[in-house]
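This note is offered to a colleague who is meeting the structure for the first time. The points below are best read with the model in view.

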Amino acid sequence: MIASLRGTVLSVGLTGAVIETGGVGMSIQATPTTLSGLRVGEETLVHTELVVREDSLTLFGFADADERDSFRTLMSAKGVGAKLALAMLAVHTPNTLRRAIASQDVAALTRVPGLGPKGAQRVILDVADKLGPVTGDDPDVAPSASQGAGGGSPQTALDGAAPNADVVAALVQLGWNEASAGQAVTAVEADYAEAGESPDMAVLLRASLRWLGGGHRG
């Protein structure tokens, strides 16, 4: 098993990155939080999990061992594959997942695309306390301004501008439908535009995931 990967970051995309180690470029799939911490040309260390299928070998990378171990534990639940486990960690940190599972918060878990009430209940039963106790704080789970009650129309704020297509595509790849993804990106872009900021795509993707995680589903 490939437990970790240290090397130079060659490229970073919305859903993955390439890290060169020993002269070989290794492609990894990762959460937006992990990818946002990578910088092209800089050395990095990611914790990894190799998922082997009949027709593929996919390496998943994580910012720390906790996220990697949570990914591994989630995949032990019935009906949870690598894509759904990664989507769960894109929406929730390991700590928020621990809280949701410990409190049997089905509503929080079903904010993950592709995870319905029955699937969420199965995850709660299968994972139980395997994720371990809640540790530390969750600095990156606060909702964006557009998640507040009574938010204005994002389309009006952006004068009908189309949302960032690459970010929408990344959200669709994570499991949301195109309408929900477009609505989230448009809303988040409106917030940043109002603040006079121009975030890069990784930041925009994370903010869109928080927006969707707040229950704003199309």
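1. Threonine 15 lies in the loop that links strand E1 (4-12) to strand E2 (16-21). The model is a predicted one, and in it threonine 15 counts as buried because its relative accessibility is 19%, where the cut-off for buried is under 20%. Apart from neighbours within four places in sequence, threonine 15 is in contact with Ile28, Gln29, Ala30, Leu35, Ala170 and Gln173.

2. The two strands on either side of that loop are paired. E1 and E2 run antiparallel and are joined by four bridges. Together E1 and E2 make a hairpin, with three residues between them. One pairing to locate is that of serine 11, whose bridge partner in E2 is valine 18.

3. The next pairing is that of E2 with E3. These strands also run antiparallel, and six bridges join them. Threonine 21 has valine 24 in E3 as its bridge partner. The hairpin of E2 and E3 has two residues between the strands, and within this hairpin glycine 22 adopts a positive phi near 65°.

4. How do strand E3 (residues 24-30) and strand E5 (residues 56-62) run, parallel or antiparallel? They run parallel, and two bridges join them. Glutamine 29 stands opposite phenylalanine 60 in E5. Glutamine 29 is also one of the residues in contact with threonine 15, which returns the reader to the loop of point 1.

5. These pairings belong to a wider arrangement. Five strands form a closed barrel in the order E1-E2-E3-E5-E4, and the pairing is mixed. From one strand to the next, the twist averages 55°.

6. Helix H3 (residues 82-91) lies across three strands, namely E3, strand E4 (43-53) and E5, and runs at about 15° to E5. Nine of the 10 residues of H3 are buried, so the helix is largely enclosed by the rest of the structure. The buried residues are Ala82, Leu84, Ala85, Leu86, Ala87, Met88, Leu89, Ala90 and Val91.

7. H3 also takes part in the surroundings of helix H6 (residues 117-127). In H6, the residues Ala120, Val123, Ile124, Asp126 and Val127 are buried. Against which helices do the buried residues of H6 pack? They pack against helix H2 (65-74), H3, helix H4 (94-102) and helix H5 (106-109). Just after H6, alanine 128 takes a positive phi of about 45°.

8. Another helix pair deserves inspection. The axes of helix H8 (residues 165-174) and helix H9 (residues 178-194) come within 9 Å and cross at roughly 135°. H8 and H9 are therefore oblique to each other, and their crossing is right-handed. From H8, the contact is made by Val167, Val168, Leu171 and Val172, and from H9 by Glu178, Ala181, Gly182 and Val185. Sorted by class, this contact of H8 with H9 has six nonpolar residues, one polar and one charged.

9. Serine 208, in helix H10, should be viewed together with that helix pair. Is serine 208 buried or exposed? With a relative accessibility of 0%, serine 208 counts as buried. Not counting residues up to four places away in sequence, serine 208 touches Val167, Leu171, Ala184, Val185 and Val188. Val167 and Leu171 of H8, and Val185 of H9, are among the residues that make the contact between those two helices.

10. Methionine 201 is likewise placed in helix H10 (residues 201-213). At 36% relative accessibility, methionine 201 counts as partly exposed. Its contacts, leaving aside neighbours within four places in sequence, are with Leu14, Asn164, Asp166 and Val167. Methionine 201 and valine 167 are 34 residues apart along the chain, and their C-alpha atoms are separated by 6.6 Å. Val167 is also touched by serine 208.

11. Some overall figures may help to place these details. The protein chain has 10 helices and five strands. Of its 218 residues, 42% count as buried. Among contacts in the protein chain with a separation of 6 or more, 59% are accounted for by residues 24 or more positions apart.

Conventions. Residues numbered from 1 in each chain as written. Predicted model: local features only at pLDDT ≥ 70, side-chain atom pairs only at ≥ 80, totals over all residues. Heavy atoms only, no water. Buried < 20%, exposed > 50% of the residue type's maximum accessible area, 1.4 Å probe, protein only. Contact = heavy atoms within 4.5 Å. Pairing = 2+ DSSP bridges. Axes fitted to C-alpha atoms, helices over the stretch in contact; angles between N-to-C directions. Parallel < 35°, antiparallel > 145°, perpendicular 65-115°, else oblique. Left-handed = near helix turned anticlockwise from the far one by under 90°. Nonpolar A, V, L, I, M, F, W, Y, C, P; charged D, E, K, R; others polar.
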